[in-house]
Amino acid sequence: MATATVHPNIALVKYWGKRDRDLNLPSTGSLSMTLSDFATTTSVVFGAAQDEVMINGELATGLPASRVLKHLDLIQPDRAPARVVSTNNFPTAAGLASSSSGFAALTLAALKALNIDHTPAQASILARQGSGSASRSIWGGFVEWRRGVKKDGTDSHGLHIAPPDHWKLNMVIAVVDQGQKSVGSTEGMLRTMATSPMYSAWVSSWQKDLDGARQGILDQDLEMVGRAMEASTLKMFATMFTSSPPIRYWRPASVAIQDEVSKLRKAGINCWWTMDAGPNVKVLCEPEDAPAVADALQHHVEDVHTLGVGGHPVVEE
Ligand code: PMV
């Protein structure tokens, strides 16, 4: 039996689109900040009477259960039946990156329970195959997921670019809707790739955003990170809006919050927004500005969380 507690991450430069669906190889590189406070805790024990997956206190069936069990098969093909118990202390599958911490925690707990020696990069490659963004939750702080060029995906994994204490940034999250998202990220990506005329522009223009965000993080230059993050976010949504049928996770409150961020910036507060596969808006700012940002967001939604930069996973026997 082993237990892993892992923080989710939010992409500052986005992953959207796969160059290999089975191996979850991305069409673009991406870069993230690991979040404090929010966490997934997953225990895995091999040698149970039969496979059983509990998620947030309920027996999982159908696709959520089969994704978990398939992931254990990937880690050890001739494994014994397993019992998996996973809990999130934040909303699941609602655009708050629960799949990033979920598959990273499952990977790390299973590797430990099986006593499989591994490097963080090897854990990241396994986590990536459960959910792409999970490749980045193997570390705290700031993490880049290299796109890689190899067909077998051995060069497509996370790279730790700065530790949790490198920069005290805050991410203020406005929960516009706690519900499960209408279109899952894999379905959304596949539809975008197949139908959006903007997809090729997305795939040919990400490197500049990634280089800008990475440099901004290393230099602790929030404006540089923010500009790259908003550019990457808007380009990703441009591909979704122009898919057929279109994918539009935004709600009126999401747009109102984007306007609020522009207003705050005009008033001299250095803050920048991003969104993922859901209606929630995440705003990056310095800790000294977080109370003013949270206050402004509270005019639009009830549920606002101010989070810092999260630490590394904790894995225990
Ligand atoms: O890893 P997935 O399949 O949950 O996809 C994540 C997609 C985005 O959250 C929209 C972007 C990202 O890089 O996390």
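**Exercise 1. Domains and their contact**

Task: State which residue ranges form domain 1 and domain 2, and how far apart their C-alpha centres lie.

Solution. Work on the predicted model. Step one: split the chain. Domain 1 covers 2-167, and domain 2 covers 170-307. Step two: take the C-alpha centres of the two domains. They lie 22 Å apart. Step three: list the residues in contact. Domain 1 brings 33 residues to the contact and domain 2 brings 50.

**Exercise 2. The buried area**

Task: Find how much area domain 1 and domain 2 bury between them, and which three residues of domain 1 supply the most of its share.

Solution. Start with the total. The two domains bury about 3500 Å² between them. Next, sort by atom type. Carbon and sulfur atoms account for 70% of that area. Now rank the residues on the domain 1 side. K14, W16 and W167 supply 26% of the area that domain 1 buries against domain 2. No other three residues supply more.

**Exercise 3. Polar links across the interface**

Task: Count the salt bridges and the polar contacts between domain 1 and domain 2, then describe the side of domain 1 that touches domain 2.

Solution. Salt bridges first: there are 2 between the domains. Then polar contacts: 11 residue pairs cross the interface, with both residues at pLDDT 80 or more. Next, assign the domain 1 side to elements. Those giving two or more residues are β2 (9-13), β5 (30-34), β10 (142-145) and β11 (158-162). Of these, β2 gives the most, with 4 residues. Finally, sort this side by class: 18 residues are nonpolar, 9 polar and 6 charged.

**Exercise 4. A salt bridge between loops**

Task: Locate the partner of D276 in a salt bridge, and explain why the pair ties together parts that are distant in sequence, 262 residues apart.

Solution. Begin with the whole structure, which holds 12 salt bridges. Pick out D276. Its partner is K14, and their closest N and O atoms are 2.8 Å apart. Now place both residues. D276 sits in the loop between β13 (271-275) and β14 (281-285), while K14 sits in the loop between β2 and β3 (18-20), so the bridge joins parts that are 262 residues apart in sequence.

**Exercise 5. Around the ligand**

Task: Say how many residues surround the ligand, and which backbone atoms approach its oxygen atoms.

Solution. Count the neighbours: 14 residues surround the ligand. The closest are Y15, S99, S133, R136 and S185. Then check the backbone. A polar backbone atom of Y15 is 2.9 Å from a ligand oxygen. For S133, the corresponding distance is 2.8 Å. For G132, a backbone N or O atom lies 3.3 Å from a ligand oxygen.

**Exercise 6. Backbone exceptions**

Task: Identify which residues a cis peptide bond joins, and what phi N56 has.

Solution. Recall the background: most residues other than glycine have a negative phi, and most peptide bonds are trans. Check the peptide bonds. S244 and P245 are joined by a cis bond, with omega about -10°. P245 lies in the loop between α7 (222-241) and α8 (252-266). Then check phi. N56 is not a glycine, yet its phi is positive, about 50°. N56 belongs to the loop between β7 (52-55) and β8 (58-59).

Definitions and conventions. Residues numbered from 1 in each chain as written. Predicted model: local features only at pLDDT ≥ 70, side-chain atom pairs only at ≥ 80, totals over all residues. Heavy atoms only, no water. Domains from an automatic or database assignment. Contact = heavy atoms within 4.5 Å. Buried area = accessible area lost by both parts, 1.4 Å probe. Salt bridge = Lys/Arg side-chain N within 4 Å of Asp/Glu carboxyl O. Polar contact = N/O pair within 3.5 Å; in protein donor to acceptor, adjacent residues only side chain to side chain. Nonpolar A, V, L, I, M, F, W, Y, C, P; charged D, E, K, R; others polar. Near = heavy atom within 4 Å.
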